[in-house]
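Subject: A structure for you to look at

Hi there,

Here is the structure I promised to pass on to you. Have a look around it, and then read my notes underneath.

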Amino acid sequence: MPEGDTVWQAARRLHEALAGKALTRSDFRVPKYATVDLTGRGVLNTIPRGKHILTRFEGGLTLHTHLRMEGAWKVYGTGERWRGGPAYQIRAILGTADRTAVGYRLQVLELLRTTEEERVVGHLGPDLLGPDWDPERALANVLSDPARELGEALLDQRNLAGIGNVYKSELCFLLGVTPWLPAGALPADRARQLPALAKRLLETNRDRPVRQTTGLHRYDLFVYGRAPRPCLRCHTPVRVADQGDGSEERPTYWCPTCQTGPAPAPGTPQHWRDKYPRRTR
């Protein structure tokens, strides 16, 4: 699933391509909005909110989209070939005189009144890349259920908005604890570091084409996608397991030497899933 930095980039592309221009093409390829035509309306702006994207139009309308696992917004120039996937995967087309934004595989797409945006994003916690960022509130949210696994608390968008599986794994590595550690057991000094560290990771990567957390030339990430290769710090093989109730794929990577706390034991159903391929870098 795209994380906060990726969604921020997608929203920026849409804003730069469409904002301040009138739509010359409007095509929604979902049954509920198949007859809706926004042609002629001006596009006011596009903003990210956590992992959600809000595109606002004249007349008080907002298009709310969420990329989920496989969705993407692609922007093309006049005459440029569309390369985001087969035509049957297109869910929305928004065109102006010189740019066309094409939404592929969008699992969430809805039109609502701009005054009703809180209905779809009001439940979110402080946005790591948004103007509402509040580190004290975000930390209080994460620690509000002391028995909850830290990784699950970080993924809960009601606590803080923007973290997904990649940043969950990388953040826990940098904090030196496993994602299965109860949030209330996080040492106080590391808890104080958590909000600023999470924000720095996303802010550093929001303008990068390739996500990077290590600061190393040859390696992009410390643990995510690296199992069973050696940890970059101690050379212990990185491990991978599922976290959560199994309703979603949540591959979680950690170093059993550099990170302290509970974790699935080798041989358990959650441990070492072959379905998670290794990264190339």
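Let's begin with one residue: Asn159 is buried, at 9% relative accessible area (buried means under 20%, exposed over 50% and partly exposed in between, using a 1.4 Å probe and protein chains only). Before going further, please know that this is a predicted model, where local features need pLDDT of at least 70 and side-chain atom pairs count only at pLDDT 80 or more, while totals for chains, interfaces and linings use all residues. Residues are numbered from 1 along each chain as its sequence is written, and side-chain values use heavy atoms, leaving out hydrogens and water.

Where is Asn159? Look in the loop between helix 4 (150-155) and helix 5 (165-175). Helices (H or I, at least four residues) and strands (E, at least two) are DSSP runs, numbered from the N terminus. A polar atom of the Asn159 side chain lies 2.9 Å from the backbone oxygen of Ala153. If we set aside neighbours within four places in sequence, the residues in contact with Asn159 include Gly125, Pro126, Asn141 and Arg148 (contact means heavy atoms within 4.5 Å).

Next, the helix at residues 4-18. Helix 1 has 15 residues, which at 1.5 Å a residue should span 21 Å, and its end C-alpha atoms are indeed 21 Å apart. The expected span is 1.5 Å times one less than the number of residues, so don't multiply by the full count. Among the buried residues of helix 1 are Val7, Trp8, Ala11, Leu14 and Leu18. An α-helix has 3.6 residues a turn, so residues three or four places apart point the same way. After helix 1 comes Gly20, with a positive phi near 80°.

Now for the sheet. It is an open sheet of 4 strands in the order 2-3-4-8, with antiparallel pairing. Strand 2 (43-49) and strand 8 (108-113) are the edge strands, each pairing on one side only. From one strand to the next, the twist averages 20°. Helix 1 packs on this sheet, where it touches strand 2 and strand 3, and its direction makes about 175° with that of strand 2. (Axes are lines fitted to C-alpha atoms, for helices over the stretch in contact, and angles run from 0 to 180 degrees between N-to-C directions.) Strand 2 and strand 3 (residues 52-57) run antiparallel and are joined by 6 bridges; two strands pair if DSSP finds at least two bridges between them. One of these to find for yourself: Asn45 has Arg56 in strand 3 as its bridge partner.

How many disulfides are there? The count comes to 0, where a disulfide is a pair of cysteine sulfur atoms within 2.5 Å. Cys231 is in no disulfide, and its nearest cysteine sulfur, in Cys255, is 3.7 Å away. Cys231 is buried, with a relative accessible area of 1%. For Cys258, the closest cysteine sulfur is that of Cys234, at 3.7 Å, which is too far for a bond. Cys258 is partly exposed, at 24% relative accessibility.

Finally, some backbone details. The peptide bond from Ala227 to Pro228 is cis, with omega near 0°, and Pro228 sits in the loop between helix 6 (188-205) and strand 9 (239-242). His235 also lies in the loop between helix 6 and strand 9. Although not a glycine, His235 has a positive phi of about 75°, and at 58% relative accessibility this residue counts as exposed.

Enjoy exploring!

Best wishes

Definitions and conventions
Polar contact = N/O pair within 3.5 Å; in protein donor to acceptor, adjacent residues only side chain to side chain.
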